[in-house]
Structure formats: structure tokens, C-alpha cells
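This report describes how the strands are arranged into sheets and which helices lie against them.

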Amino acid sequence: MKVLVIGGGGREHALAWKLAQSPRVHKVYVAPGNGGTAGDARLENIALQGESELRQWALENKIALTVVGPEAPLARGVVDEFRRFGLRVFGPTRGAAQLESSKVFSKAFMKRHGIPTAAYDSFSDPALAHAYIDRVGAPIVVKADGLAAGKGVVVALQASEAHAAVDYMLQDSAPGVAHNEGGARVVIEELLTGEEASFIVMCDGKNVLPLATSQDHKRLLDGDLGPNTGGMGAYSPAAVVTPAVHARTMREIILPTIRGMEKEGIAFTGFLYAGLMIDGSGHPKTLEFNCRLGDPEAQPILMRLKTDLLEVLLAATEPGAHGRLDEIELQWDRRTALGVVLAAHGYPLRPRRGDVVDRLPADVEDVVVFHAGTAVADDRVVTAGGRVLCVTALGDNVRQAQQRAYEVARLIHFDGMQYRGDIGHRAAKI
């Protein structure tokens with residue numbers, strides 16, 4: 001089979017890497033791909049990004065299955081486009097992707113269906129938003145309604161920070177923030193406390209298949225300090241997601257979401273990511289929904305997956321009313337996987353591009369360097385985005401996986417390289 005992965009980040013490199021291991025896969029194409037996918041003989045980059053161009057290319061090249069990685073093409077309706085022409089594709093439709101592409105839609109949906117989340121209100125009028133902040137005070141969280149590449153969230157410890165975030169996000173052309181129909185809007189919600197975890201499942205419209213748990217590290221600096229980023233590293237499994245928390249999350253968050261979408265006539269297919277905040281009593285609440293695999297969570301999760309990913313995706317996209325995910329049982333490597341993101345100079349606000357990446361090691365059984373923001377220029381790998389690489393290692397426990405990942409990370413060099421030195425620190429204390 002020929003398979004297409006849409007996207008060019010670390011998540012897409014990991015998906016392509018895993019799919020290429022299937023004995024039934026002849027070739028994996030990645031659109032547009034990156035420097036890492038360009039250097040793998042089993043993968044081939046194609047320089048196409050538009051939905052209709054990709055659909056036409058998939059038809060002409062007899063692509064058996066397409067997997068959509070990032071949120072932007074999902075929000076634009078790439079799955080709807082492929083399905084209209086009878087192409088097999090894994091991902092949510094444009095309507096279902098509103099769970100991520102519109103914070104206002106997502107929060108209202110959770111309220112309608114009794115899904116635990118933070119108390120909130122939404123605003124398009126700056127004066128009303130500022131008045132609300134003055135009334136409830138800080139700490140408080142301000143979120144852009146539209147897609148913002150993982151950086152449209154401000155945790156405001158002071159009211160002044162919340163006011164500044166509102167002014168920024170409600171601009172007509174706020175850099176990095178995509179506004180939905182109806183113009184700029186923000187969600188302002190209570191600050192939840194506890195420990196975060198990433199809970200990702202696969203859905204075929206009716207059946208739900210949970211993936212291994214993971215924990216992301218959103219802040220730029222050690223000790224969970226500094227600005228929010230798209231993610232500086234992750235590990236799997238997440239110790240905070242105990243069997244009781246797992247069962248509660250499925251019962252109170254995931255299944256009501258899938259049933260609610262089905263009830264509203266927007267069946268959900270694809271990866272569904274619930275960002276959780278788990279309090280000291282083990283009660284999870286939903287921070288956000290993403291309609292895709294997390295990045296960098298995908299890298300550790302797929303390193304641990306022993307089941308043939310192609311077979312799982314074929315079951316999920318079985319033609320008919322819904323797929324066959326209820327027939328699949330996933331097998332996982334018992335080891336811990338941990339990924340450390342190496343980010344560009346200036347990330348997250350003004351990442352620099354064009355720095356040469358040196359001393360990249362070859363992949364081995366227990367360590368894979370997944371590329372995210374890289375490109376090839378003059379036969380050399382160079383930085384081409386904020387999060388450049390994710391060094392992902394397997395170990396018998398968190399400490400061993402940490403040690404192995406950082407051992408390899410320290411070998412790699414590019415000017416201005418920055419990374420956290422404490423990925424997995426919460427689990428390592430347990």
C-alpha cells in the first residue's frame with residue numbers, strides 16, 4: 001500500500017516512521033515533510049499543501065490511506081474534501097474539528113453535555129472582557145477562540161497580564177492567532193490547579209480506542225517556568241493517570257464527548273486529545289480538546305506502540321457506518337519513552353531559521369531523533385521552525401529514559417539551541 005501523511009512536524013515524522021514499519025506499506029509520502037523525512041529512504045516528501053491539490057495527487061497516485069497530522073488542514077476541511085472523492089482518510093471533518101478550532105464551540109459543547117471543565121465566559125467586545133476580569137480578578141486564563149499553534153493561552157497571575165492578553169487576542173490581526181467566522185473572540189476561564197496529563201484516543205465515529213497516556217511540558221524553562229510553548233518534551237506512560245483516573249476520564253470526558261458529537265450529528269473520527277488537569281483527589285477536568293495527536297506526545301507514544309499502526313488505521317477507516325476499532329487491542333512496550341525537544345534560538349516568540357544542525361546521530365533501537373522544524377539546504381540539515389528536533393528514548397523507567405535521551409541530546413549542536421533539562425521531573429520523583 002501507498003500511504004500519505006499530511007504535515008511537516010515532529011508528529012508527522014513519528015507517524016510516517018511508524019507506518020513505514022508495516023509489512024503492508026510500500027511507500028509513505030509526507031506532505032510537505034521536513035529534513036528528517038527527506039533523509040529516510042522509506043519516506044518521500046511531496047511539495048504540496050493545498051487541500052484540493054493533495055486530494056488530486058492522492059487520486060492520481062492511488063493512495064490507499066491518508067492520515068492528517070496538524071490542526072490547520074483539519075479546520076479547513078481536508079477530510080471532507082478527501083471523503084467527497086471516496087478517498088480513505090483518518091481525521092475529523094471540519095465540523096468535528098471545531099472542538100479544537102473554536103474554544104467557544106468547545107466550551108459550549110462541554111457545558112451542554114455536562115463534561116467537567118473550568119467555569120468560563122466568552123467575549124468579542126474588549127470592554128466587556130476587561131470588565132469581567134476586573135470583576136473576577138486573577139489568577140485567570142485567557143484563550144484565543146481560534147487556532148494559535150499551541151500558544152494562544154495566557155495563564156495570567158496578575159489582572160494586568162489578563163488585560164494585556166485580551167488586548168492582544170482581540171486585535172483584528174493578532175500575530176499567530178487565527179480568527180474564526182464572526183471575528184476575534186476570547187474565552188476567559190478559571191485557573192484550574194493540579195497536574196496536567198495528555199489523554200489521547202482514536203475514534204471511528206462510534207468506537208473509542210485509548211492510546212498510552214503521556215505528559216507534556218508546556219513551559220519553556222526548567223521547573224515549569226517561562227512562557228507557554230507548543231511543548232518542550234513529553235514522556236509516556238504518565239504516572240498521574242492511575243487506573244482510577246483513566247476509568248473516570250473515559251466515563252466522564254471521552255465517551256460523553258463522542259456520544260455528544262454523534263447526538264449533534266457531527267460524528268467524530270480521528271485522534272481526540274483531551275488535555276486534563278487532575279486535582280489532588282484524582283478528579284480530571286478538561287483544559288482543552290485537540291483533534292489530532294499531540295506533539296511532542298506522539299513521539300514517545302509511537303515509540304512504545306508495538307501494534308502495526310497501519311492495521312489500526314485501516315480498522316478505524318473501514319467503509320460503512322463506522323469502523324472496527326472495537327476489534328483492536330493495542331500492544332505496548334513496557335518501557336518508558338521520553339522525548340526532549342531541542343528548540344531554535346528565540347523560540348517561542350521569534351524563532352531563528354537557517355542554523356546548521358550538526359552531529360545528528362543515526363537512529364538505534366532505543367533512541368530516535370524525530371525532526372520537526374528542519375529543512376535541507378545545500379545538502380545540510382538546517383533549522384526551519386521553532387521546535388527543531390525531539391530526541392526520544394526508551395528506558396526501563398523514567399530515569400533511564402531521561403539519561404539516554406539527554407545523553408544523545410548533548411551530542412547534537414546548532415547555534416542557539418535550547419532545551420529543558422528536566423523533562424519527566426514529576427514522574428522521576430515518584
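In this predicted model, helix 1 (residues 10-19) lies across strand 1 (2-7), strand 2, strand 3 and strand 4 (65-68). Helix 1 runs at about 170 degrees to strand 1. Helix 12 (residues 309-316) also packs on the sheet, where it touches strand 1, strand 4 and strand 5.

The sheet under these helices is open and has 5 strands in the order 3-2-1-4-5, with parallel pairing. Strand 3 (43-45) and strand 5 (89-90) stand at its edges; each has a single partner strand, so one side of each lacks a neighbour in the sheet. Strand 2 (residues 27-32) pairs with strand 3 in the parallel sense over 3 bridges. Within this pair, Val30 has Asn45 of strand 3 as its bridge partner.

Another open sheet has 4 strands in the order 6-9-7-8, and its pairing is antiparallel. Its edges are strand 6 (120-123) and strand 8 (153-156), each with a single partner strand, so one side of each is left without a neighbour in the sheet. On average, neighbouring strands here are turned by 20 degrees against each other, direction ignored. Strand 7 (residues 140-144) and strand 9 (residues 186-190) pair in the antiparallel sense over 5 bridges, and Ile140 stands opposite Glu190 in strand 9. Helix 8 (residues 126-136) packs on this sheet and touches strand 6, strand 7 and strand 9.

The table lists helix directions relative to a strand.

| Helix | Strand | Angle |
|---|---|---|
| Helix 1 (residues 10-19) | Strand 1 | about 170 degrees |
| Helix 12 (residues 309-316) | Strand 4 | about 95 degrees |
| Helix 8 (residues 126-136) | Strand 6 | about 155 degrees |

Definitions and conventions
Residues are numbered from 1 along each chain as its sequence is written. This is a predicted model: local features need pLDDT of at least 70, side-chain atom pairs count only at pLDDT 80 or more; totals for chains, interfaces and linings use all residues. Side-chain values use heavy atoms; hydrogens and water are left out. Two strands pair if DSSP finds at least two bridges between them. Helices (H or I, at least four residues) and strands (E, at least two) are DSSP runs, numbered from the N terminus. Contact means heavy atoms within 4.5 Å. Axes are lines fitted to C-alpha atoms, for helices over the stretch in contact, and angles run from 0 to 180 degrees between N-to-C directions.
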